[in-house]
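Morning, everyone. I have one structure to walk through today. Please have a look at it first.

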Amino acid sequence: MNIGRKFSAPKGTTLFSPGQECPGFLILKQGCIKVTLTGSSGREVVLYRVHPGEVCLQTFTCLIEDQTYAAEGVVEEDLRGDLIPASQFRQVIEQDEAFRNDVLTSVALRFGEYQKLIEDIALTGFDARLAKVLLRLVDATGVVPVTHTALAAETASGRAYVSRRLAEFSRRGIVEQLADGIRICNAPELAQIAEQK
């Protein structure tokens, strides 16, 4: 689908912030956007990530409801795609049935992810949430290259609590804490913890 103008941004770029108007709808073809919400206390929570073929609910809501952004979107991996200007989005979604179906399907899937996030926070034990995040973020070398603060945002918790649980995981030989991340030493046991409720 070739609608809109070409758009690209390097890793680290802030695409949108709370209170900002939406410039348009990005059809992401390459890269990843991390969308986070920061409370008045300064605590940050990762809401979701947008990959190629997926919709950013923040953007969709802004365009449909004529609202400003409530969260922040930062480029995690260099991205490129096509940007449909806000002024043209409604026209394109009304006239292009295939595009409309793709967008609505993606929105439905994203709401399913939101439901899972709420379920995890409300009904899943913290160790299981932390284990799931570690397994999702581990790189090819077996290291999760993030800080305790970043893990707190990923698990909707506090940094001190993440540090305490990682110390316990480390004591049990499941992980090793490094200066620049966490090495997973026992992936099968971590996967077992991730399955617990």
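I'll take a sheet, then a helix pair, then the aromatic rings. Keep in mind that this is a predicted model.

Start with the sheet. It is open and built from 3 strands, in the order 6-8-7. The pairing is antiparallel. Which strands stand at the edges? Strand 6, residues 143–144, and strand 7, residues 175–178. Each has a single partner strand, so one side of each has no neighbour in the sheet. Strand 8 covers residues 181–184, and its antiparallel pairing with strand 6 runs over 2 bridges. There, Val 143 sits opposite Arg 183 of strand 8.

Now the helices. Helix 1 is residues 57–65, and helix 2 is residues 86–95. Their axes come within 10 Å and cross at roughly 90°. Angles from 65 to 115 degrees count as roughly perpendicular, so that is what we call helix 1 relative to helix 2. Who touches whom? From helix 1, we have Phe 60, Leu 63, Ile 64 and Glu 65. They meet Ala 86, Phe 89, Arg 90 and Ile 93 of helix 2. By class, that contact has 6 nonpolar residues, 2 charged and no polar.

Last, the rings. How many aromatic pairs does the whole structure hold? A search finds 5. One pair is Phe 16 with Tyr 69: centres 3.9 Å apart, planes at 10°, so the pair is stacked. Phe 16 lies in strand 2, and Tyr 69 in the loop between helix 1 and strand 5. They are 53 residues apart, so to speak of distant parts of the chain is fair. Both residues are buried. Finally, Phe 25, Phe 89 and Phe 99 form one aromatic cluster. Phe 89 is also part of the helix contact.

Terms used
Residues numbered from 1 in each chain as written. Predicted model: local features only at pLDDT ≥ 70, side-chain atom pairs only at ≥ 80, totals over all residues. Heavy atoms only, no water. Pairing = 2+ DSSP bridges. Helix = DSSP H or I, 4+ residues; strand = E, 2+ residues; numbered from the N terminus. Axes fitted to C-alpha atoms, helices over the stretch in contact; angles between N-to-C directions. Parallel < 35°, antiparallel > 145°, perpendicular 65-115°, else oblique. Contact = heavy atoms within 4.5 Å. Nonpolar A, V, L, I, M, F, W, Y, C, P; charged D, E, K, R; others polar. Phe/Tyr/Trp six-rings, centres within 6.5 Å; stacked < 30°, edge-to-face > 60°. Buried < 20%, exposed > 50% of the residue type's maximum accessible area, 1.4 Å probe, protein only.
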